[in-house]
Amino acid sequence: MQNEKFKVQNARFEKALPVWLLGREKEMNLWISLRAVASGAKKTVLRLTGSSAYDIRVNGTFIAFGPARCAHGFYRVDEIDLTEAVSEQAVITVNVAGYNADSFYHLDQSSFICAELIEDGEITAATGADGFLCRVMTEHEQKAQRYSGQRTFTEVYRISSMISVWESAVEIEKKQFSLARLFPTEEKRFIPRGSEYNVYDKIPAQAIISRSEFLMEDYKKRVLYPAFVVPRGENTGASKKSYTVGEAETDIFLNARNIEVKCLKKTDEIPSTQSLREGEAVTYRMAYNTTGKIAFEIACAEDAEILVTFDEILGDDGLIKYRRMNTINTAMWKFKKGTYRVSTFEPYTLSVMTFHALKGKAFLSDVHMVYFGASEIGKKYCGEDENLRKIFDAAVETYRQNTFTIYMDCPSRERAGWLCDSFFTSRVEKTLTGKSEIERCFLENFFLPESFYGLPKGMFPMCYPADHYGGNFIPNWAMWLVLELEEYLERTGDRDFIDSAKERIFALLNYFKMFENKDGLLEKLEKWVFVEWSKCNELTQDINFPTNMLYAKTLRAAANLYDEPAFAQKADALKKVINEKAFTENGFYCDNAVYGEDGLAKLSGECTETCQYYAFFCDIATPEEKPELWQRMLHDFGPERIIPNQWPNFTYEAKWKNIYPSNAFIGNYLRLELLFRYGEHDKLIENIRGFFTKMADLTGTLWENDSTTASCNHGFASHVVYWMDRMGMVSE
């Protein structure tokens, strides 16, 4: 249900209706393809939206992907100008994936497509009327395994020459295809896209780095499937909406696992046409970690099967670890004899990919990626330091690949719109583009619904648009939403937006009030209390002091947003009690207090580096109020105390080894923010080099953690350009 106090502009179609196959709008992973022939008018525009996702092509050439993601029950409308692509008579196809599966990426909503083709102002094709032909995309295997717990399905294809006829032939014999009739669905709520369109550049593979030979072993009896792949009823992992191992038409996970490399020859060659026979593989390297569709040309001398594995980094043994992030980084094509240009439907993130010939003989060429990202950035690093230049470029690339239509955590494993991450990324958008356009859409999504399924009254999702059927949430992340709103108002002056959010923010604070103890401290918060990916997250109960520090800052932000002095007074009281109860004799803040059998809360004695950063970031402490602790943080903490590439292991010389080190998110970022805030710019530059040089060198993007154990392309990490810009290191 819509939040009626939050006003949003409507978008409309002149003629088109939302449609789908009758009675099949809730089937998982059902794909259809629409087709219309354009005349080559002076102006050709395709207006459309749908659920879950679509791919627009002209004569088989990819043009655009959509729609922009939005809240449950709302659909953002694209208007794609096809004039340049349709200079003469041409075939327009819209391939639509109806996922109908809960995820952090595409919402679990009934499938539909609504589209109209406008040529010189006249609607020549419209769903629910005429002008479009439709068929089920039988080239795509519907019953496929999930790609990850946070995204939807892997991609397996059966390709024949008929696909090129459908996509490119102006005249076709309809009886060659099993055409389907589309029926109107219930009405939908359409709103404007709200953000600029994506860039889809062609990025060729930079080099062939190895060739290998392999055998297909049989690990079926002992393969360890991820939780999101195993059959329902055993361990369904993140979602119950999946096809079981037995239901899936192709066990792509097992196919990839069965590959046993027998010999590998490293090389470094400019890519050219490659011959692949059964049992042969070739590995390509991109110039940098890249997000987009995997695309290539292939000439199959006979029926062939090609399986691609990919990842952001190459294993030390020269092989790709396609399961590294608890994903199935694979795609598979089963070709009939012939020549084809193909790509994945969804974008993926990788710096290396291996093509394995499971069957037949083929000639592989033009291996590339169709880049997905925000527009190119006009700003650049203007200094002389080569490492800082590489870090700046990596941050910009990270921003671009994580900010088309909403802010994302990563473009790989999840593609999720996480709060807290967005606090940092929003600063980068303003720095690099001068706008807060994506942020407006991102925030709008959180306020469009009146409530969220499975969440208590007043609480916001930890990431959105996403499905949270299990009812999990991060209370801390809702606090970061308030902090971001405060800065959003400063960036944009959008008072109307802030006022329309007031009731929801007050409801959030009322939710937290239920967990305040007699001292005003939050205790025993529900669900996933999250501080950062380190020892901190083992210390979140019963009274977590970083969380309470953040609560104080949240109350102060709400006071500033809505001129509520009572919130500021409450924040002052929290500061006082935290300093009284959490600051220890050893000069550090303790992370938490735990209730004993006597019913009293006692400090755990555990102190982490990140807890100290929260204290200063949330204004519980200042360098003037806690000068000794500040000096320890300034000189004794930071990247130098950790053995390179061995986090969290300390160097021999490290001080305060009883204080557990921070990880990248968010401890290291709070440290850097504090160095910037208090004018320690030389130390900030030194730390930027220390934290990020290895990332820029290895992947050309910035990472989720201080090591390669997780995403190597994480949106918040682009925040480094914010500091660099404000230190005068960035120019137009």
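Okay, a definition to get us going: helices (H or I, at least four residues) and strands (E, at least two) are DSSP runs, numbered from the N terminus. Two housekeeping points. This is a predicted model, where local features need pLDDT of at least 70 and side-chain atom pairs count only at pLDDT 80 or more, while totals for chains, interfaces and linings use all residues. Residues are numbered from 1 along each chain as its sequence is written, and side-chain values use heavy atoms, with hydrogens and water left out.

Let's start with the holes. By cavity I mean a set of points, on a 1 Å grid over the protein atoms alone, where a 1.4 Å probe fits but cannot get out; lining residues have an atom within 4 Å of a point. Grid points are joined across faces, edges and corners, and a volume is the space filled by probe spheres set on the points. How many cavities of 30 Å³ or more come out of that? Seven.

The largest cavity holds about 150 Å³ of space. Its lining runs to 16 residues, and S52, P67, R69, C70 and Q109 are the ones nearest the centre. Strand 3 (44–51) and strand 6 (74–81) each put at least two residues into that lining, and strand 6 gives the most, with three. For the chemistry, nonpolar covers Ala, Val, Leu, Ile, Met, Phe, Trp, Tyr, Cys and Pro; charged is Asp, Glu, Lys and Arg; the others, Gly among them, are polar. On that scheme the largest cavity is lined by nine nonpolar, five polar and two charged residues.

The second largest cavity has a volume of about 100 Å³. Its lining includes G66, P67 and R69, along with F372, F404 and R415 from further along the sequence numbering. By class, we get five nonpolar, four polar and two charged residues there.

Keep P67 in mind, since P67 sits in the loop between strand 5 and strand 6. The peptide bond joining G66 and P67 is cis, with omega about -5 degrees. There's another cis bond between F665 and I666, omega about 5 degrees, and I666 is in helix 12. As background, most residues other than glycine have a negative phi, and most peptide bonds are trans.

On to phi, then. Which non-glycine residues go positive? D366 is one of them, with phi near 50 degrees, and D366 is in strand 23. D619 is another, near 65 degrees, in the loop between helix 10 and helix 11. For accessibility, buried means under 20% relative accessible area, exposed over 50%, and partly exposed in between (1.4 Å probe, protein chains only). D366 is partly exposed at 31%, and D619 is partly exposed at 30%.

Now sheets. Two strands pair if DSSP finds at least two bridges between them. One open sheet has five strands in the order 5-4-7-2-10, with antiparallel pairing. Strand 5 (61–66) and strand 10 (133–136) are its edges, each pairing on one side only. Neighbouring strands in this sheet are turned by 20 degrees against each other on average, direction ignored; axes here are lines fitted to C-alpha atoms, for helices over the stretch in contact, and angles run from 0 to 180 degrees between N-to-C directions. Inside the sheet, strand 2 (residues 30–38) and strand 7 (residues 90–98) run antiparallel, joined by nine bridges, and A36 faces I92 across that pair.

Elsewhere, strand 17 (residues 274–277) pairs antiparallel with strand 23 (residues 361–371) over four bridges, with R277 opposite K361. Strand 17 has Q274 and L276 on its covered face, S275 and R277 on its uncovered one.

Last stop, helix 11 (residues 627–636). Which of its residues are buried? L629, W630, R632, M633, L634 and D636. They pack against helix 10 (609–617), helix 12 (664–677) and helix 13 (681–698), where contact means heavy atoms within 4.5 Å. Just after helix 11, G638 has a positive phi of about 120 degrees.

In the loop between helix 11 and helix 12 you'll find T651. Is T651 buried or exposed? Buried, with a relative accessible area of 13%. Not counting residues up to four places away in sequence, T651 touches E640, R641, I642, I643 and K657.

Key: 1 Å grid on protein atoms, 1.4 Å probe; cavity = no way out; pocket = protein on both sides within 12 Å on 5 of 7 lines; lining within 4 Å.
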